[in-house]
Amino acid sequence: SSGINAEYGGNKRVMLVGHSMGNPYLVNFLHRMPQDWKDAYIEGYLSLAGVFGGASKAIRALLSGETEGLPEIIVDPLVLRQFERTAPTVYWLMPSPSVMGDLPLVFANGRTLSDYNIQKESTLHLV
C-alpha cells in the first residue's frame with residue numbers, strides 16, 4: 001500500500017491488473033485494506049486468467065507430474081512430480097468444491113472422483 005502512495009503521490013487512483021495466481025493474492029490484499037483507502041487509491045481491478053476456483057492441472061501435477069507437454073526424453077514426469085509436490089502453489093491451485101461441485105476430476109481404475117467425494121471419502125492418498 002505504501003508503494004502506491006509513494007509512486008503516485010497519494011493523489012491519483014490506480015487500475016490494478018492481476019494475472020493467474022496473482023489474482024487471489026490481490027483479492028486477499030484488497031480485502032485487508034480499509035474501504036476508505038481503496039476509495040482513495042484504487043480506480044479499478046482487472047483479472048486476467050484468474051484461478052479463483054482452482055485448476056485441474058494441479059491434480060495432474062500431484063498424481064503424475066505436469067510436464068506442460070514436453071516429451072519424457074526431456075523431462076521425466078515422475079521426477080517433476082516430486083518437485084511439484086513440494087511447491088505450495090500446486091496445493092493452492094487444487095480445484096475448489098464450491099466451484100467444481102460433483103464435476104469428475106479423476107478417472108482411475110474404473111472410479112470417477114470429483115473434488116466432493118475426494119474430500120468426503122478421503123480416497124486419494126499421495127505416496
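In this predicted model, Y25 is partly exposed, with a relative accessible area of 47%. That value is above the 20% under which a residue counts as buried and does not exceed the 50% over which a residue counts as exposed, so Y25 falls in between. The ring of Y25 is paired with the ring of W92: the two centres are 5.8 Å apart and the planes stand at 80°, so the arrangement is edge-to-face. The angle decides the class here, because planes over 60 degrees apart count as edge-to-face. This pair links distant parts of the chain, since Y25 belongs to helix 2 (residues 22-32) and W92 to helix 6 (residues 88-92), with their positions 67 residues apart.

A pair of aromatic rings is described by the distance of the centres and the angle of the planes. W37 and Y41 give a second case, with 5.3 Å centre to centre and 45° between the planes, and this pair is tilted. An angle of 45° is neither under 30 degrees nor over 60, which is why the pair is placed in the tilted class. Both residues sit in helix 3 (residues 35-41), 4 residues apart, or about one turn of the helix. W37 is buried, at a relative accessible area of 10%, and Y41 is buried as well, at 17%. Both values are under 20%, so both residues meet the criterion for burial. F29 joins W37 and Y41 in one aromatic cluster. The count of aromatic pairs comes to 3.

The chain as a whole contains 8 helices and 4 strands. Read from the N terminus, the order of the elements is α-β-α-α-β-α-α-α-α-β-β-α. Of the 127 residues, 32% are buried. Among contacts between residues at least 6 apart in sequence, 57% join residues at least 24 apart.

Next come the strands. Strand 1 (residues 14-19) pairs with strand 2 (residues 42-48) in the parallel sense, over 6 bridges. Within this pairing, V17 of strand 1 stands opposite L46 in strand 2. In a regular strand the side chains alternate between the two faces of the sheet. In strand 1, V14, L16 and G18 make up the covered face, while M15, V17 and H19 make up the uncovered one.

Rolling a probe the size of a water molecule over the atoms shows where empty space is left. The largest pocket has a volume of about 160 Å³. Its lining includes A55, K57, A58, A61, E66 and E68, and also F83, E84, A87, T89, V90 and L93. Helix 4 (57-63), helix 5 (77-84) and helix 6 are the elements that give two or more residues to this lining. Helix 4 gives the most, with 3 residues. By class, the lining has 7 nonpolar, 1 polar and 4 charged residues.

R60 also lies in helix 4. R60 is partly exposed, with a relative accessible area of 47%. Leaving aside neighbours within four places in sequence, R60 is in contact with G65 and E66, and E66 is one of the residues lining the largest pocket. The C-alpha atoms of R60 and L105 are separated by 9.6 Å, although the two residues are 45 residues apart along the chain.

Methods. Residues numbered from 1 in each chain as written. Predicted model: local features only at pLDDT ≥ 70, side-chain atom pairs only at ≥ 80, totals over all residues. Heavy atoms only, no water. Phe/Tyr/Trp six-rings, centres within 6.5 Å; stacked < 30°, edge-to-face > 60°. Buried < 20%, exposed > 50% of the residue type's maximum accessible area, 1.4 Å probe, protein only. 1 Å grid on protein atoms, 1.4 Å probe; cavity = no way out; pocket = protein on both sides within 12 Å on 5 of 7 lines; lining within 4 Å. Points joined across faces, edges and corners; volume = space filled by probe spheres on them. Nonpolar A, V, L, I, M, F, W, Y, C, P; charged D, E, K, R; others polar. Pairing = 2+ DSSP bridges. Contact = heavy atoms within 4.5 Å.
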